[in-house]
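These are my notebook entries on one structure, set down in the order in which I looked things up. I begin with pockets and then turn to metals and the interior.

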Amino acid sequence: AKQADGNDVCFFEPDMLAEVEQRFALEQALTQALQQQEFLLVYQPQVTEAGKVLGVEALIRWQHPERGLVSPAYFIPLAEESGQIEAIGRWVLQQACQQLQRWQQTLFADLTIAVNISVRQFYQPDFVDMVAGLLQHYRIAPGLLKLELTESLVLTDLDDAVARMQQLKALGLRFAMDDFGTGYSSLSYLSRLPFDEVKIDQHFVRECRDGHKPKDWVIVDAIIGIANTFGMELVAEGVEYKSQQQLLHASGCYCYQGYLFARPQPVTDFEHWLHQRQL
Ligand code: C2E
Ligand code: CA
Ligand code: CA
Ligand code: CA
């Protein structure tokens, strides 16, 4: 509701009030969560058709002392609205870089880490400098850190987006287009933005069961065709069944992420999982 002219009066229903209070409480809790180390990253592998693990996606978890595990699908949008995403996002990037550095001296030295970046975070004025600082501090080799962006990024300013991406690519970062095909933008944006990879959204994957393609599979075929045309890599997310992998493979996809291979898990569990596979 507009406030300036006073014309827009908004009456809160009791349950709306409760919701507002709850949001406010959660916003405050988010601020404390960073200081009290209630966040953690979990890692989910990206696996090729041949079974090789190329890297992981880092996903944030919030272990709230009273509420238990709070889903990022809930608190990330809240943090985006309140602006807290900038501090949370910085923490996520710092953790991911620290993890890459730890893996440098191990068998996992060539694993990539993909980090989800909110649009608001991407456009913060010091974002490029902040990332550059982390890469330098943790001595991250080029190509190991990947940023996942959603197509809503182009709603703001396409030229600015391209410029920022080019600056970051010059530092050795790679970019993945997340959730492609689910938003507002057209397929043609992919040709104008310097993405290295496209992720096929789990919405499409979920719809294919028992070896049957859903009606909107033409979109998946189009995404795969465009990715191949522009020389981008492809990762399908949300792959839970072998039959889904087979359908994706038949359409030209070679890399997968999903419960079929592993759930997102804390780093020691992930390392254990990978050791077992490699034995
Ligand atoms: P996303 O980037 O699309 O991440 C994929 C989501 O699918 C994750 O949910 C993951 O746990 C889930 N998933 C993976 N494999 C499967 C599967 O086989 N089946 C099903 N049903 N689900 C699967 P999660 O971890 O709850 O994250 C939800 C969303 O929250 C993410 O969607 C992303 O948009 C956002 N998010 C998570 N971590 C971060 C972060 O560090 N920063 C930002 N900005 N956003 C984040
Ligand atoms: Ca993602
Ligand atoms: Ca996604
Ligand atoms: Ca998604």
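Entry 1, the pocket. I looked up the largest pocket in this predicted model, and its volume comes out at about 1100 Å³. Of the 42 residues that line the largest pocket, I noted those closest to its centre, which are Glu57, Leu59, Pro72, Asn116 and Asp178. Sorting the lining by class, I found 18 nonpolar residues, 13 polar ones and 11 charged ones.

Entry 2, the calcium ion (ligand 3). I asked which atoms coordinate the calcium ion (ligand 3), and the list holds Asp178 (OD), Asp179 (OD) and Glu237 (OE), the last of these entered twice, at 2.2 to 2.4 Å. Read along the chain, the donors of this ion follow the spacing D-D-x57-E. I then placed two of these residues: aspartate 178 belongs to strand β6 (residues 174–180), while glutamate 237 sits in the loop between β8 (233–236) and α10 (242–251), so that, with their positions 59 residues apart, the pair links distant parts of the chain. Both aspartate 178 and glutamate 237 are buried.

Entry 3, the neighbouring ions. I checked which residue the calcium ion (ligand 3) shares with the calcium ion (ligand 2); aspartate 178 coordinates both, and the two ions are 3.8 Å apart. Aspartate 179, also found in strand β6, bridges the calcium ion (ligand 4) and the calcium ion (ligand 3), which lie 3.5 Å apart. For the calcium ion (ligand 4), I recorded Asp179 (OD), entered twice, as the protein donors, at 2.9 to 3.1 Å from the ion.

Entry 4, the nonpolar core. I looked up the largest nonpolar core, which has 85 residues, and noted that those with the most contacts inside it are Leu93, Phe122, Leu153, Phe195 and Ile200. Helix α3 (residues 85–104) gives the largest share of this core, 9 residues. Taking up phenylalanine 195 and leaving aside its neighbours within four places in sequence, I found contacts with Leu149, Leu153, Met165, Phe175, Ala176, Met177, Leu190 and Met232.

Entry 5, glutamate 197. Is glutamate 197 buried or exposed? Its relative accessible area is 1%, and because buried means under 20%, I entered glutamate 197 as buried. This residue is in strand β7 (residues 197–200), and, again without neighbours within four places in sequence, glutamate 197 is in contact with Lys146, Phe175, Ala176, Met177, Met232, Glu233 and Val235.

Definitions and conventions. Residues numbered from 1 in each chain as written. Chains lettered and ligands numbered in written order. Predicted model: local features only at pLDDT ≥ 70, side-chain atom pairs only at ≥ 80, totals over all residues. Heavy atoms only, no water. Helix = DSSP H or I, 4+ residues; strand = E, 2+ residues; numbered from the N terminus. Buried < 20%, exposed > 50% of the residue type's maximum accessible area, 1.4 Å probe, protein only. Contact = heavy atoms within 4.5 Å. 1 Å grid on protein atoms, 1.4 Å probe; cavity = no way out; pocket = protein on both sides within 12 Å on 5 of 7 lines; lining within 4 Å. Points joined across faces, edges and corners; volume = space filled by probe spheres on them. Nonpolar A, V, L, I, M, F, W, Y, C, P; charged D, E, K, R; others polar. Donors = N, O, S within 2.8 Å, 3.2 Å for Na, K, Ca; no water. Core = buried A, V, L, I, M, F, W, Y, C linked by side-chain atoms within 4.5 Å.
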